[in-house]
Amino acid sequence: MRLHRLRITAFGPFGTPQDIDFDDLSAAGLFLLHGPTGAGKTSVLDAVCYGLYGSVPGPRQGSGQGVTLRSDHAQPATRTEVCLELTVAGRRLEVTRQPPWERPKKRGTGTTMEKAQSWLREYETGAAGGGAWKDLSRSHQEIGEEITQLLGMSKEQFCQVVLLPQGDFARFLRADAEARGKLLGRLFDTRRFAAVEQRLAEQRRDAEGAVREGDGELLADAHRMQQAASGALEVTEVPLPDLSPGDPGLAESVLAWAAVARTSARERRTIARCALDAAESAQATAGRRLDDVRELDRLQRRFAQARERAARLDERAEEHRRRLAQMDRARKAETVAPALGLRQATEQEHRRATADEARARGHLPATFADSGASGLAAAARKAAEELGGLESARRAELRLTELSTERASLEREERADDELLREAAGWLDGWEATRAALQERIESAQDAATRAEHLAGQLEPAQRRLDAARRRDRLTREASEAYARTLAAREHTTTAREHWLTLKEQRLTGIAAELAAGLADGAPCAVCGATEHPAPASRTAGHVDRATEESALTAYQHADEGRAEAERLLGEVRESLASATAAALGSSGVDSGPQEPEVTPQGPTVEQLASYVQELRREHAEARSRASGLHAAREALAQAEREYDRRAAVRQEAAVRAASRATLRDTLDREQAGIDVELTRARGASDSVAARAAQLERQAALLTEASDAARVADDTAQRLKDADARLADAAFRAGFDTPVAAAEALLDDAGHRELQHRIDAWQNEEAAVRSLLAEPDAAAAAQQPPADLEAAQEAAECADRRARESASALDAAERRCAELDRLSERSAAGARRLAPLRGAYDRVARLAGLAAGTSADNERKMRLESYVLAARLEQVAAAATARLRRMSSGRYTLVHSDDRTGRGRSGLGLHVVDAWTGRERDTSTLSGGETFFASLALALGLADVVTDEAGGVRLDTLFIDEGFGSLDDQTLDEVLDVLDSLRERDRSVGIVSHVADLRRRVHAQLEVEKGRAGSVVRQRGGV
């Protein structure tokens, strides 16, 4: 990788665009990047890193790059940009990056946020020798992946290899093995080896988990077998071995214990089968004995019950004879039943007819009390004929009711029209006054809207003047404070400068003693060249050395920078104050509205402007409030006009309806007079025709009902006389003295069935008792002693219980044997499956222990990643030694050490061999200057190794940041010779330092100068 050109705009301390030509600087092989502290030397390196990776190195990378990277000296409309041109992997590329920034809006006030942008272009050479830039991508992600792939390094590796930070490598020399491992791991990307360690550890955990899971299943089966075999081990107790998952020999112990348990269970099963056979035999004998006793008990109880039933029959014999006599009389009475039923039905019918006749005659007048059925029928026909003559009168009466309804409706309509006419007349009388008032409201609202527009035009300028007055007062206070700080900074700068000049004069006075301190016998004097020094000057009391003078100079420079910053801030505050004062003096330019504050040379006060703005807002609010009624007033006027038209139409329609009602009323009066004459004739003595018609209808209905009831009563009286004669004849022929006696002997169906049932039940019981007493078995059983059924049942239940217990024992023994066989077979299968898993676990555990450095076979306790890093560190030490020997004049050599430090792990030790003493010691014992060139050699060696590791990408441009101030002249020459030798590999090295002596030794220079308007870059001494 070789850098060609860098263009920086509004980046870091650089407010204006800066162009750096690295081709010109790299032609000399070695160039110097220098400038005062804080000028922006490191910002140049940050710009290179930002152009490549889109972020700055390490701690200088903020969370908000668009804010931290933007220059405070840049113009608001100038965007931050970094453009880097370089050649990598044979391709010439140009990377342009713009971080996000907050720019002023193109319209109006305020700012808006612009997104970050990136461009990647490649220079392609044409066939004719020319070339042009070709756009490749504008995606941040694609550009980052392309640059990282071409360089073969991440941002951290680039910052460690190309931007050589000497402070980091000095810490690397003094760091412990763990810190070195972290740095080397980031540079050489040994994550894959750490991943191998982690993968082996995971495989070991997985294999161990699988083995433990298998052992757990075996132990679980063993405990299940122990529970299943608990009854089988009562005689020969064999305890289960105390084992846990992972113990060696677990499977063999479980299988051996299972074999013993199975044997004991089979013996118990044989014993249970023999006990069951004996119990079943005893159960059969007890069952037969119980059946015999039960049969004897049944026969004895049967015979005893038959005797008791025979005694009860003897007691009820007389009652049976009475039931037989009753049944005979009931059979005779059944011949009289038809006549008796006919007489009862006829009697009931006659009673109902007589009652109906009495009820019908009770509704008739007394004049019809003696009338027969025919007389009542004639009176009913006469009332019906009179009712037919009233139909016409009834229709006339209904029409009279309709006429009354129509007259009432006319009166209601007349009253409603009168009310409408009065209301319309009253409203129309005030129409002109109402319309004038609404017109006045509309004109007033229009005037208020016009005034509100005028006041709105005054309000915004007045508010801007008020804001400007507030800024003016605040900036006045800030200007006073800034002026006081400026005076204090000027005084501090003058005092620091005087102190520095005094110390410089004192040092020049005693410079001879300072030069004499560096004289040595035989060495030429730096002033006169003599090799003898008979009387070197000695230091006096109060001697000022170079460090003291430089410290005073630095303090003076810092004070001068503070003074310049204070003057800049004072100027900015005063400019802002003048702008705010001018804005506060402005005028609205409108005559209408409240009185503006009195204008003075300093402008109106904030209180005056605030009062003026408040008055404007109040009058504007009032005007808007009045103007808001314009629409309502117009709507009210339109509604009033519509109401006027409606009421005028209503008045005209009411007049037309009044004329029509007068004509209709006369017609109704003539019709009513004719109807009254007809109704007076038809009503007679009744109140109305309807009442007379209802009276005639009711009278005709009552007469008809009474006539029918009288005819039915006469018919039923004759049938009842015939039924009495037939009943008396039937009772005599059946043998009864009177019809009443026959009726008493007669039974209904339920009584007949009940009596027959009792007779049949007595006869059946008598036959059953005779049959039971005649059975020979029951009679013989009655001669034997009483049966002991309870004792036989107890004996049978005891035998059954012993048989069930024996069967349960045998069933449990068989289930136990089957369960033990099943669990034993599963345990054997599990042991066979577990054998290869345990072998795999042993292999993986050994590999994981070796890779993690915990195995006894790993003597140095070195992890796999540490082993790889140790090899890389050994390569770095070898590459660094080639330059360290030259820098140290052959004295020092860097060597890698595998020794363990304390209780930690080994592999990343780094020692230095001192050729003057022949001893090997730790790098932390080097002095400050020795540490610098040792760390520089280490950095250069690391750059070579990382470059080779990255795939051989050439790094033609390197930067070395600080550290040269700790070297003496001779060592500095040797270090510069080593750096200059890098040109043999076509490399250019940029030294970042403010050491003054380097400006004389290195001709190609890039100087960064700082000023009030920002830093600028000066390039000189190139080819």
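The expected span of a helix is 1.5 Å times one less than its number of residues. Helices (H or I, at least four residues) and strands (E, at least two) are DSSP runs, numbered from the N terminus. This is a predicted model, in which local features need pLDDT of at least 70 and side-chain atom pairs count only at pLDDT 80 or more, while totals for chains, interfaces and linings use all residues. Residues are numbered from 1 along each chain as its sequence is written, and side-chain values use heavy atoms, with hydrogens and water left out.

**Exercise 1. Compare the expected span of helix α17 with the distance between its end C-alpha atoms, and find where its buried residues lie.**

Helix α17 covers residues 606-627, and its 22 residues should span 32 Å at 1.5 Å a residue; the end C-alpha atoms are 31 Å apart, which agrees. The next step is to list the residues of α17 that are buried (under 20% relative accessible area, with exposed over 50% and partly exposed in between, for a 1.4 Å probe and protein chains only). They are V606, L609, Y612, V613, L616, E619, H620, A623 and A627. These residues cover an arc of only 165° around the axis, which puts them on the same side of α17; the arc is that of the directions from the helix axis to the C-beta atoms. The face turned away from this buried side carries the exposed residues E607 and Q614.

**Exercise 2. Trace the open sheet of six strands and say which strands are at its edges.**

Two strands pair if DSSP finds at least two bridges between them. The order is β2-β1-β4-β5-β8-β9, with antiparallel pairing. The edge strands, each pairing on one side only, are β2 (18-21) and β9 (131-137). Neighbouring strands are turned by 15° against each other on average, direction ignored, where axes are lines fitted to C-alpha atoms, for helices over the stretch in contact, and angles run from 0 to 180 degrees between N-to-C directions. Helix α4 (residues 140-151) packs on the sheet, touching β4 (81-88), β5 (91-98), β8 (117-125) and β9, and its direction makes about 140° with that of β5; contact here means heavy atoms within 4.5 Å.

**Exercise 3. Describe the pairing of strand β1 with β2 and with β4, and decide whether β1 is enclosed or open.**

Strand β1 (residues 2-9) pairs with β2 in the antiparallel sense over four bridges, with L6 opposite I20 and I8 opposite Q18. With β4, strand β1 pairs in the antiparallel sense over seven bridges, and the bridge partner of T9 in β4 is E81. Six of the eight residues of β1 are buried, so this strand is largely enclosed by the rest of the structure.

**Exercise 4. Locate the largest nonpolar core and place G51 within its helix.**

A nonpolar core is a set of buried Ala, Val, Leu, Ile, Met, Phe, Trp, Tyr and Cys residues joined through side-chain atoms within 4.5 Å. The largest has 43 residues, and M1, L6, L52, L86 and F158 have the most contacts inside it. Helix α2 (residues 41-53) gives the most to this core, with eight residues. Apart from it lies another core, of 29 residues, among them L873, L926, L940 and V1002. G51 is found in helix α2 and, at 0% relative accessibility, counts as buried. Leaving aside residues up to four places away in sequence, G51 touches V82, V95 and R97.
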